[in-house]
Amino acid sequence: MTMQQASYLAEISDQYSVTEVTEVFQPVEIDPRHPQYTPLSGIRKWIRYAWYPTIDIISVIGAIAAIASFGHQGISWIDLGILLFMFNLVGLAGEAGMHRLFAHKSYKVVKPLRILLALAGSMTGEAPILEYVAYHRRHHIYADREGDPHTPHYIAAEKPLSRSRNIWHSFFGWKYNSKTNQIAPPERYAKDLLAEPVMVTINNYFYGIVLSSFLLPALLGFLFTGTASGAWTAFLWGGCFRFCVMTLMGDLIIRAGCHLFGTRPFIDQANSHSGNIWFLAIPTLGLAWHNNHHAFPGSALLNIDWWQIDPSGSFISLLEKLGWATNVKRPTPEQVKAKRFNPEIVG
Ligand SMILES: [Zn+2]
Ligand SMILES: [Zn+2]
């Protein structure tokens, strides 16, 4: 272990999260016969750069068409049902699966459910699973400091227009910044998943999985109505409108909003700017308890106080009651007490 790695470990070992400590530096055997992950470079990098605006523009146009149609014909119960089904399927798989299960390893599930969560979670369209896990682990290690891939504190605050440029960076710009793309290689930050052939395969079919999240609602719309127009309106609501709302939730509200605004009841060891925004807890399926999350990144549940609602945490607790989830990590009352913000201690 190099000096740099040792100081890394010392820095992050007090986060009550085993993820970074055990995974970043743990050697993992990868069978060369397994499907391989190919790092983004050359033409593949440019395809990725074109992919994000293309899928975003298509979904924005579709969402505008859905909203325009709402003005004169409303939304059918079938489309509303498909929209809610898709939002919850993809949202819970994204937050409870991609984030809390794969990036933080805050609980364990049986293999079929693990695969389902990886597939449906990839439908959020944020990034292929290996890259998502890698940059998210790096986000926690460097939270809001130099090296954080998508902090809204990217450029020093005193520089002109820095606030708007920082928000742009955390929202969208970081995806196109070759520096931020290179600092979180899965070979370093997601070795555990690289050793799982099925996860590498899911990673490599990212574009197809995201496109299927638009086709699935259309298929459901056709099955329920038996008409092409039923498939079309379900595509607009369950595909395009849902994708837009989820992108706004993940990209703008969480990466930018929850690192700029909100209350900070807990001491976050990495000293990030993470904040809790209570009125966004339900639409973000719990992730808006962001200060709680950065204070206890290894916890599967983000609702620390009794009045806080964490839909993804409730979903994980339900899986636990059904016997499908085990090793569900929660902070102990002592850990919560020790991190509760105390102005007398931190001055
Ligand atoms: Zn964060
Ligand atoms: Zn996290």
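In this predicted model, the zinc ion (ligand 2) is held by protein donors from five histidines, namely His99, His104, His136, His140 and His293, each through its NE2 atom, and these donors lie 1.9 to 2.1 Å from the ion. Along the sequence, the donor residues of the zinc ion (ligand 2) follow the spacing H-x4-H-x31-H-x3-H-x152-H. Because histidine 99 belongs to helix α4 (residues 77–103) while histidine 136 belongs to helix α6, this pair ties together parts that are 37 residues apart in sequence. Histidine 99 and histidine 136 are both buried.

Helix α6, which covers residues 129–141, also packs against helix α11 (residues 197–204), and the two meet at an angle of about 100° with their axes 7 Å apart. Since angles of 65 to 115 degrees count as roughly perpendicular, α6 is therefore described as roughly perpendicular to α11. On the α6 side the contact is made by Ile129, Leu130 and Glu131, and on the α11 side by Met199, Val200, Ile202 and Asn203. Sorted by class, the residues in this contact of α6 with α11 are five nonpolar, one polar and one charged.

Helix α5, at residues 111–122, offers a simple check of helix geometry: its twelve residues, at 1.5 Å a residue, should span 16 Å, and because the C-alpha atoms at its ends are 16 Å apart, the expected and computed values agree. The expected span is 1.5 Å times one less than the number of residues. Within α5, the buried residues include Leu113, Arg114, Leu117 and Ala118, and Ala120, Gly121 and Ser122 are buried as well.

How values were computed:
Residues are numbered from 1 along each chain as its sequence is written. Chains are lettered from A and ligands numbered from 1 in the order in which they are written. This is a predicted model: local features need pLDDT of at least 70, side-chain atom pairs count only at pLDDT 80 or more; totals for chains, interfaces and linings use all residues. Side-chain values use heavy atoms; hydrogens and water are left out. Axes are lines fitted to C-alpha atoms, for helices over the stretch in contact, and angles run from 0 to 180 degrees between N-to-C directions. Helices (H or I, at least four residues) and strands (E, at least two) are DSSP runs, numbered from the N terminus. Angles under 35 degrees count as roughly parallel, over 145 as roughly antiparallel, 65 to 115 as roughly perpendicular and the rest as oblique. Contact means heavy atoms within 4.5 Å. Ala, Val, Leu, Ile, Met, Phe, Trp, Tyr, Cys and Pro count as nonpolar, Asp, Glu, Lys and Arg as charged, and the others, Gly among them, as polar. Donors are N, O and S atoms within 2.8 Å of the metal (3.2 Å for Na, K and Ca); water is not among the atoms, so sites may look incomplete. Buried means under 20% relative accessible area, exposed over 50%, partly exposed in between (1.4 Å probe, protein chains only).
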